[in-house]
Amino acid sequence: MLFQIKQRRWLYISLSILSLCLAVTITPARASLQVPTTSTLNVSASTSQPTNWLEQGRNLYHSGRFAEAVTIWQTAAQHYHTQGDHLNEALSLSYLSLTQQELNQWEVAQQSIEQSLKLLQTSIPSADAILWAQALNTQANLQLHTGKAETALESWQQAQKFYEQAGDKMGSLGSQINQAQALQSLGFYRRSKQQLEVLTQKLGAMPDSEIKVSGLRSLGLALEMIGDGNSQQVLEQSLAIANKIAAKPQLSSILISLGKTAVDLQDPNAAFDYFEQAQLLATNPSDQLQARLAQFKLFLDYDKPELATPLAPQLLQQLRELPPSHTSLYAAINFVATLNRQSNPDQILPMKDLAQLIAVTVKSAQQIQDAQAEAYALHQWGQLYRRTQQLSQAKELAQKSLDIARQLQANDIIAQSAWQVGQLYKQQGDRSKAITAYTEAVNALKALRGDLVAINPDVQFSFRTSVQPVYRELVDLLLENQPSQAELIQARELIEALQIAELDNFFREACLDKTQQIDRVDPTATIVYPIILPDRLTVILSKAGQPLRSYVTHKSQAEIEQTLDNFLVALNPVSDSKDRDRVSQQIYDWLIRPAEAEQAFIDTKTLVFVLDGRLRNIPIAALYDGKQYLIEKYAVALSPGLQLMATRSLHQNHISAIVGGISQSRAGFSALPAVESEMKQISKAVSSSMLLNQEFTSQALAERVKSSSASIVHLATHGQFSSRLEDTFLLTWDGQINVKELSELLKNRGNDPSKAIELLVLSACDTAAGDDRAVLGLAGLAVKSGARSTIATLWPVKDQAAAILMTRFYDQLRQPKITKAEALRQAQISLIRQNDFHDPFFWSGFVLIGNWI
């Protein structure tokens, strides 16, 4: 796992009526400090010299001369103590603690702020509210740096009350921004986003200031974490204001955030430019280090070791020289983790240097009592030992990391460390202990579900590298040799959980909650789980009231995936039909034939496939047994698993539809001339409300969905499904509507289950070319829209064929006691029997996802 922990520090200055606001900000949770002016503290004329010391200290602090500021404020604090002026002594100590934090002097910083707060509490009962707020801000900043985000949040909440008591609006807003940032540090990204959106509205009405820059950047980061596409726009707004008001200390931080966004948008050139600018504009060594670390990771992620290698020894030297702090610990952990992900890290930096750095990091974490950082560092240290095949030492370190994580109840660390322990047991041949450890890792990932999906992959979890393999490796272990019923059941549940986790990851939010077991919905259905493992294909069958069955084909994953790719290529109508039938029959032999040989499909009318990996992209209906296609024998449906929303039959209500589409060329997309006739034919088959061409806007569709009680929404227009949320969309007359907006639009009927859309049909969409996880977009929309079932196409089908098939589908759907899956089957068979469209290319791309009844 890669930890790209963003630690930023900057100052913002905002002059309000009561105070000069000095804020120190870091990321993920950025702390701010509100420092009162001496004029608000009623400092007497007799103390003019120390007053000058305080002013001088503030100037030194702003210019980054922290060591000199410490000396000044220590002198001032001693003088005030001698004079018995406890109020100004408390102020000096608060300043002193803040500056000691800048120098990573955590223990003395703790002593200084504790002394300041003690003076306020015992010696100055009527202390100014601003002074209390300033001291609490300093304390919160320290708490955050030392890994106590929850306590920091409480301190900032107290600080806010004091600012409000003093009538300091800017101070209150700054404190609330910090609370939102502390929520991010705790993983509560959505709560943080909600709070920051409210604050940003308030800041929007105020003049441009550094606190406004801070608020916008914090909102941009929160949006980035939850995958909101507006993050870049908000960060650019923050950058523009920072440039306008010459807020130099903030520029580097904002540029790094924009670089991260560019990485997420797969634009490495833009990301490099942002990181390079951030390095040039950095006002302190910490910011410069973060920018260089981001560049280093970018080079390695895009397979440019020749650019990363010269940076490595420089970064190593910088990391060695940093005093222990939360920031320096995570910088070192991130550096080692980045290299640990490489196949040959010792070609970039000697392994002994990495081991020495991470060993020192563990000691430093113990020194400043940052248990979370210690657990992360131990995990990376264990990975280094595992690389050199020192398995017992690796397991000992991984176990230590896991023990600390359990004490902290930190599921993110439990997940990675338990996985590591499981891998080591597996490597040593202890299957039972490996399964136990893997199961703990999976349970931790499930417990993280709500938080995990909100975290940008670059921050903590990369789904493909840190989540998906945990599930798959455990399934592999469970299905070794002759699995028991209990192991088959657990493997099936894991595959379903993985499917849902993938959908959660796609939307970056939990999206499937109300569920029921589909093997109880329809006793005439058999559920088929084909699972691609590194050295074999295992198929699990589930039928109501019967034990699970499993079949194994021993083929490498590479061979299986190559065969699936060949099948997709062979589906092109210009390809050799014999070649297509041969490849199709091979896949049939893997998935279907063993079960048919054992007569496992007796009394089965519908085969429901929970597809895995590359299998999602192929048309299961077109599998060929040598004489017939699968669809000629069974109705076929796809599902994310046994967990589906409850349904009722369409025939319990009058069937009516909202039918929308575009037949003309629009926004660079080609015309679909048969769409108009398709829509007219559907309106003859079922009662319909039509939106064609100019009428088919996103607003018109939203209004029609909200006001109509139609059970079917049929959309005949261009669209694309992708594994990237941003690239999954549907075309309306007024532009593209992304899948998240579309799903919200389709759910626009309140929470009344009786008004839910029973069937969503997308008859002219496409899956993104070359994207082996593109069908996630289709499955994601199917689940997220709230529609009970979705029919869509895996590739652009000739619109005349689509029109015939969809018209036939609706004719069938009106028949009594017919399921949606059977209606689609009959429509597909009708095309098979037409000379013009009998080729699988024309009919097999139509798939039914969800409830098939």
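## Salt bridge Asp208–Lys244

In this predicted model, Asp208 and Lys244 form a salt bridge through their side chains, with an N to O distance of 2.9 Å. Asp208 sits in the loop between helix H8 (189-204) and helix H9 (210-225), while Lys244 belongs to helix H10 (residues 231-244), so the salt bridge ties together parts that are 36 residues apart in sequence. Asp208 is partly exposed, at 28% relative accessibility, whereas Lys244 is exposed, with a relative accessible area of 64%.

The pair also belongs to a network of salt bridges that links Asp208, Lys212 and Lys244. Over the whole structure, the search finds 29 salt bridges.

## Salt bridges of the S8–S9 loop

Asp612 forms a salt bridge with Arg472, and their closest N and O atoms are 2.3 Å apart. This pair links distant parts of the chain, 140 residues apart: Asp612 lies in the loop between S8 and S9, and Arg472 in helix H23 (residues 463-478). Asp612 has 2% relative accessibility; because buried means under 20%, Asp612 counts as buried.

Lys633 forms a salt bridge with Glu596, with 3.0 Å between the closest N and O atoms. Lys633 is in the loop between S8 and S9, and Glu596 is in helix H27 (residues 593-597), 37 residues apart. Both ends are partly exposed: Glu596 has a relative accessible area of 23%, and Lys633 has 25% relative accessibility.

## Strands S8 and S9

Strand S8 (residues 606-609) pairs with S9 in the parallel sense, over four bridges. Within this pairing, Val608 has Ala637 in S9 as its bridge partner.

Side chains of strand S9 (residues 635-638) alternate in direction: Ala635 and Ala637 point one way, Val636 and Leu638 the other way. These four residues are all buried.

## Nonpolar cores

The largest nonpolar core has 230 residues, and the members that touch the most others are Phe296, Phe335, Phe609, Leu630, Phe809 and Tyr810. Helix H24 (residues 485-507) gives the most to this core, with nine residues. Apart from this core lies another, of 33 residues, which includes Ile241, Ala271, Ala278 and Ala291.

Leu630 touches Leu607 and Phe609, and also Val636. Its other contacts, not counting residues up to four places away in sequence, are Tyr588, Ile592, Ile620, Ala621 and Leu623. Of the residues contacted, Val636 is one of the buried residues of S9, and Phe609 is itself among the core members with the most contacts to other members.

Note on methods: Residues are numbered from 1 along each chain as its sequence is written. This is a predicted model: local features need pLDDT of at least 70, side-chain atom pairs count only at pLDDT 80 or more; totals for chains, interfaces and linings use all residues. Side-chain values use heavy atoms; hydrogens and water are left out. A nonpolar core is a set of buried Ala, Val, Leu, Ile, Met, Phe, Trp, Tyr and Cys residues joined through side-chain atoms within 4.5 Å. Buried means under 20% relative accessible area, exposed over 50%, partly exposed in between (1.4 Å probe, protein chains only). Helices (H or I, at least four residues) and strands (E, at least two) are DSSP runs, numbered from the N terminus. Contact means heavy atoms within 4.5 Å. Two strands pair if DSSP finds at least two bridges between them. A salt bridge is a side-chain nitrogen of Lys or Arg within 4 Å of a carboxyl oxygen of Asp or Glu.
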